[in-house]
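Q: I have a protein model and do not know how to read it. Where should I begin?

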Amino acid sequence: MKLVLAWGHGLDEGVPEIPTPLSLAVIGGVLAVTTVASLVKSRRDPAARAHAGAVVGAPHHATGDEHRTSGG
């Protein structure tokens, strides 16, 4: 959002300019909230683990190891 507003501020002085410290504070706040939410979720439900490429509610797909045939 800051990037779009900075671009708009270059076109028109009426577009607000967001200070960098405020932008960094918002980013830090979002990261802190999501980290705490993730830790709370994993402590409440230890079986809930994120896996690379996993999508909640998506059907299970076999890994490459399950498709291999034994043959030599």
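The turns below go through confidence, helices, burial and a surface patch.

A: This is a predicted model, in which local features need pLDDT of at least 70, side-chain atom pairs count only at pLDDT 80 or more, and totals for chains, interfaces and linings use all residues. Residues are numbered from 1 along each chain as its sequence is written, and side-chain values use heavy atoms, with hydrogens and water left out.

Q: What average pLDDT does the protein have?
A: pLDDT is the predictor's confidence in each residue, from 0 to 100. The protein averages 80, and 67% of the residues score at least 70. Among its elements, helix H2 (residues 20-44) has the highest mean, 92, and helix H3 (residues 64-67) the lowest, 52. Where pLDDT is low, the predicted coordinates should not be read in detail.

Q: How many helices and strands does the protein have?
A: Helices (H or I, at least four residues) and strands (E, at least two) are DSSP runs, numbered from the N terminus. Here there are three helices and zero strands.

Q: Is histidine 9 buried or exposed?
A: Buried means under 20% relative accessible area, exposed over 50%, and partly exposed in between (1.4 Å probe, protein chains only). Histidine 9, in helix H1, has a relative accessible area of 18%, so the residue is buried. Of the 72 residues in the protein, 6% are buried.

Q: Why is valine 4 classed as it is?
A: Valine 4 lies in helix H1 (residues 2-11). Its relative accessible area is 51%, so valine 4 counts as exposed.
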